[in-house]
Amino acid sequence: MTAMLHIDGLWKSFAGFVATRDVSFELLAGETHAIIGPNGAGKTTFFNLITGHLRPDKGSVSFEGRDLVDLPPQKIVRLGIARSFQRINIYPRLTVFENVQVALIAHEGQQWNLFRPGRSLHRQGTQELLELVGLAPEALETAGELSYGKQKQLELAIALASQPRLLLLDEPTAGMSPQETGETIASVRDIVKARGLTLLFTEHDMSVVFGIAERISVLHHGEIIASGAPDAVRNDPEVKRVYLGEHGHV
Amino acid sequence: MKYSALLVAAGVLSAGTAFAQQAPIKIGAMYPLTGGGAVYGVPAMAGHQLAVEELNAKGGIMGRKIESIERDDKMNPSAASSTMKELITKDKADIIVGGLSSAVGLAMSEVSKQEKVVYISTIPKTIQMTTDKLHKYVFRTASNTDLEGDTMAMLAGKNKLGKICHLQLDYAYGNDLEAGILKALPKYAPDAKVVLTLKPKLGATDFNPFIPQVMAAGCDGVLSGLWGPHFVSWVKQAAPLGFFNKIKWISGGEIGSHEIAGELKAEYPDNVISNTYELWYTANDPSHAAFQAKLAKKLGTQETPQWAVLGYIGVMYTAAAMEKAKSTDPDKVAEALEGLTIGTPVGKLTIDAKTHQANIGQFWGPMVKKPDRAYRMMEPAEYIQPK
Amino acid sequence: MPQRRHLIASAIIVLLLALVPLAGSRYAVDLTTEVMIYALFALSLNVLIGFTGNISFGHAAYFAIGGYACAILLTTYGWPLALALPAAVVLAGLVAAVVGYFCVRLTQIYFAMLTLAFAMLVWGVAFKWKEVTGGDDGFTGIKMPAMIAHHVGYFYFTLIVVAAGIAALWVICHSAFGLTLVAIRENSQRAGFIGVDTRHMRWAAFTVAGTFGGLAGALFGMYHRGMYIENAFWTESAQVLIMVLLGGIYSFIGPIIGAAVLHLLQTFTNQYTPYWPTVLGLILLVIVMVLPDGLIGLARRVKARRGRS
Amino acid sequence: MSDLKVDGIHTAYGLSQVLFGVSLEVQAGECIALIGRNGVGKTTTMRSIMGLTPPRQGHVMWKGQDIARLGPHRICRLGIGFVPEDRRIFPELSVWENLDIARRTGAGGRTTWSEEQVFALFPDLAEIRDRRGGVLSGGQQQMLTIARTLMGNPELLLLDEPSEGLAPLIVELLQQRVAELKATGLSIVLAEQNLQFVMALADRVYILEKGEVRFTGTPADLQADERIVHQYLTV
Amino acid sequence: MTLTMFTLNAFYGLALAMNMFIIASGLNLIFGVLRVINFAHGMFYMFGAYITFTVAKTWGAPFFVGVLAAAVALGLIAFVVERLLLRHLYDKEHLMQLLFTFALVLLMSDAAKMIWGTDQYSVGYPPGMGGAVNLGFVMLPQYQLFLCVVGPLIAVAMWFVVDRTRWGRVVRAATQDREMLASLGVNVPMVYAAVFTIGSALAGVGGALAAPRIALVPGMDATIINECFIIVIIGGLGNMWGSFLGALAFGFVVQFGTVLAPNWQDVLPYVLMLVVLIIRPWGLLGRPETGH
């Protein structure tokens, strides 16, 4: 497998606080990769650097050989990277159906079409995506009124609508009940497999992480302190130390 | 005494029965009643109401009661245009009187032309109304900028102003008045020279950018059209510098009125010669005292504002024209108005048949201190009426 | 099929409006004409507010440009209406495009203040360019083509133009473009991350709003046979903003209702009292305290409650 | 009778429910610890007690009074102090100003903590008293946050993840300071991921998972049960 | 322009700036803490002037008693408005707050008409301030000199209160983290009410201090509010020294601009704002709004 995403020597600091410290990282095409670490370790910052929401101070990010630094988010998404957000990030006053439809319209570059009724476009594609994430029954509901878990699912559908090759999910199960967590993870795993996507995600719930990740990287104080197969990471003394306290013993 | 009172009562009674039989005559009145224009619009409307009450007490017009329909023109031309149309089409007003700002006056004139209903412009002074934009149905009982300018030029000559600073507000009235003065200046003061012309904006409260320039220009006098609050603010800011010690201020814009003098009191400066439509303390006509007494009673103050007389005259002309035409038909009323002469509290007025402009004059004179008064009065007050 | 239901309802409304002159009340004809023009004006602004989430304090500028341009082309240059009207609308749109280019770089209150500044500049030009616009005397005596000089003729002309304008706005607002605008309003960051260039889209919305505002202005000028600098003043922008908010920004027809209600209320209140500001002030208080979605929101809530019980 | 008694609280942020019936108790002078991985509801429990995210169901009893519906400033004035996890120093205010705005006589006239005493506890802060809050290091911010809350003379301290993101040396120092605080008789609710920190300070521990309390006991109980540690605390 | 004229214009520009700063600083304070854009601020200014008229002229009290009365009355009005109505709107959209303050403008304009009628009024200069100081080459009006002193005094007083008092620290903390402040036992809603009260009282003082220099007429609120917005926006929203700088820019641009390009005087403030916003989108001392 070749590296799909290539990150080299990435730095980012905010007013003296270093959030990302010399991170180098490779993501292989087709793999499912988890980024874990305690709160404040810099996971979300790391995502924002990849997707163009933040500009790194130093270092490079390239996707399939293309440099991403300095590209605005909307250009990056067009290259085939989609993401979901840690906080719910949908269009609350639109229907579930429209939430996904807009994403498909944007993906097809039809947002400049002033005459074709928006609602008639990509009905089938939208329907398929909603079925994929299990939201078809709620298609006509207002997105803001869905349950939390379903809003998360909707966000996944929006991300998938741009036909990404790389999917970034920021804490896909945060705030979900255990049952919702299970369902969500099962569906993410199926979708990623079925579509042959590369998946990079952050997560706190360790059952989720070890349930689907093929590789895991541990971020701590803005640095990657371990990276590798789940079992290797689980047994890494440094990782244990980080998770149980600086002295690492009970 | 008792007998005459009885007669009046009988008259009212008989008029009352006549009212019941015939539909009233409807006069639509529009003045600004909110915002900045209300300073003038509210007293003008009071004068209007006074006239209507008076006429109704005497039996109305042609024995028909007058119904006055009063509206706020909001100093907004398009709002005024809509309101005037409404008065005509919905309320079936027979005639429209009022207006204050030039733009509103012109907008109302436009509606009057379109709808073929007579409009008597009682305050707007823009010269265009009775020149370029004159039409069959518009008449003016207010002064206009040419008449005012003519008088001001005459006063400039009379006061032997050699170097003149010209001060006008930068909008229609100011520009028109400037033109009116410049037209007349060679006639009255051939040697006078305008050394500086400045135009503060309408609504300005800060005249600091202008005061030093006028003082530095070395003129003998200022010809000004700064009215109402503009004049007050100018005085407030210029007087501390001794502005009025050296410079004579000859002004249109009715700042010789009691409203201004009574408000500024001791702060009203020296060397001001100005105009007013009406003076509660001076009269040029016997009917004036009666008018003033009634107005004072209506407003609950002895010292009455000048704008009321304009609202009053508008209604009086309406009544006279309809009586003369023996009809409320706009065409006939318009014809009747042409050349019509009536008596008003400020004397006999005639509307010119060609220009539709009444030969209304104004009181002009210097504002002087009076030992028994807290405020300045115009003395001598000369009523200058155009020929 | 909701689409067909809407079409039929719209057709019925247009037909009913077409019957207004038959009732024989000149006043009703005038009032309806005014309401229709304001409805189009308010709708055009809502493209920016309701659909894109940008508040403009200067929408009167485009209204005035459309109005003045149409009036001047008809009167000063003697163009036929068929040329003057489109030219005026295009001009309003062009100015909106230029102004919008600068404004959409900012958001929220800064955006609003910049629109205000540009609008006051337009007002200043209308004021100072006396030879062309008539300055603060206003531009009166607009030459009207004989066909629409009569008030009934003008009523039908307005009905047709406004209906066409509203239809066009309906199509635009419900197009792929319109739906994407709503996405920007709802969540501009997310919209960026489905590949939408939000700034360009907002710019386009600004231009569309200005264009249709210009159309409303052109109709307004011809109706009054005059344009005045007050039509470009910020108070006019505030008025149309209130219409939009009163009706409700989150529905297409909200602003139409807001325009009708506010204009009629203003007209009728004015007939009884000069204390119109108090009435409007109290209405606004009610909206703010209890009706944040405007009248349409209220109607929806009432409907929802009925549906439940 | 316990000073603080949290009874079956359910708390949600909008649609997202975080706590599903959490109960706990704190006796006077006791230190209890809430432990569990990120996102299990430790912070939300504290916010619910403080009135920042009022629970939708359940009660928070403080000395016999139900405070679940009171505003945070009322709760503070009743003697509960909150040291948030993200510290929330006022960045534009100096260290001294940060302390000054929190100055308050405690409930029942407590005046244990004055500026001098706070500086005595954290001498480092005295040296940087004029520095802007926004430029402090993580350790300094953490000291300041605790010091700031002490200025209000609380009887109960809610201490949310004080060791997060700090260097080991600083954590050790902090642990000492908290122990000193406890010795003054202050009750403490401590949320932590650093087990060592917890073991040194807590009288009892509550393990949270997905918004529910899954284990209650003494540190010794926890130490005796490797299984629990692995299930709830490690990767 | 001669030296005399230049000096005089510079002085007048400063005097204008200071009068505007007093008014705008209140608007800015309210925005900085409450994030509310108060359209009624101009109306508060007008009420301040009218109240001074009533107290100082109708009742015959000394001018500065009138100024004090204006400050107290406006503070009181603002406090009641905040406690009864405004406080329910902080969590709602900005548009709703905007509409609310606009409703206040309408209601208060009619209230002013009912209380004071539609006459124009004026207030005399306080004793000893109606003349001018002769510096030889130039005469400076005393009252404007007084304004040039009062403006900076108010700026310094505000700086002192905000920077050097405990209450000021609390206010600054409230702009940074409302929730944390409440957790420290501060009654944040009362801080908000106090800020709204003080900001509005400043508008009252601004109106009171303007009263001797200008005619008081209905509608005098309309331009002042736009000008205050311009000052606050070009200075940077919420930044006190920004407003001070904005007021200076405004004062000098308007004064010199009107002298040099009188044809543009109507739109000068807007042109100033346009230029500033295009070059520095968040004002002279402003910072980009976070979250965008």
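**Exercise 1.** In which loop of chain B is B:Leu134 found? Then classify its exposure.

*Solution.* Step 1: B:Leu134 lies in the loop between strand S4 (118-121) and strand S5 (138-140) of chain B. Strands here are DSSP runs (E, at least two residues), numbered from the N terminus. Step 2: the classes are buried (under 20% relative accessible area), exposed (over 50%) and partly exposed in between (1.4 Å probe, protein chains only). Step 3: B:Leu134 has 26% relative accessibility, so it counts as partly exposed.

This is a predicted model, where local features need pLDDT of at least 70, side-chain atom pairs count only at pLDDT 80 or more, and totals for chains, interfaces and linings use all residues. Residues are numbered from 1 along each chain as its sequence is written, chains are lettered from A and ligands numbered from 1 in the order in which they are written, and side-chain values use heavy atoms, without hydrogens and water.

**Exercise 2.** Find the pairing partners of strand S8 (residues 221-224) of chain B.

*Solution.* Step 1: strands pair if DSSP finds at least two bridges between them. Step 2: S8(B) pairs with strand S6 (residues 163-167) in the parallel sense over 4 bridges. Here B:Leu167 has B:Ser224 as its bridge partner. Step 3: strand S9 (residues 248-251) also runs parallel to S8(B), joined by 4 bridges. There B:Val222 is partnered by B:Trp249.

**Exercise 3.** Are the faces of S8(B) covered or uncovered?

*Solution.* Step 1: in a regular strand, side chains alternate between the two faces of the sheet. Step 2: B:Gly221 and B:Leu223 sit on one side, B:Val222 and B:Ser224 on the other. Step 3: all four are buried; both faces are covered.
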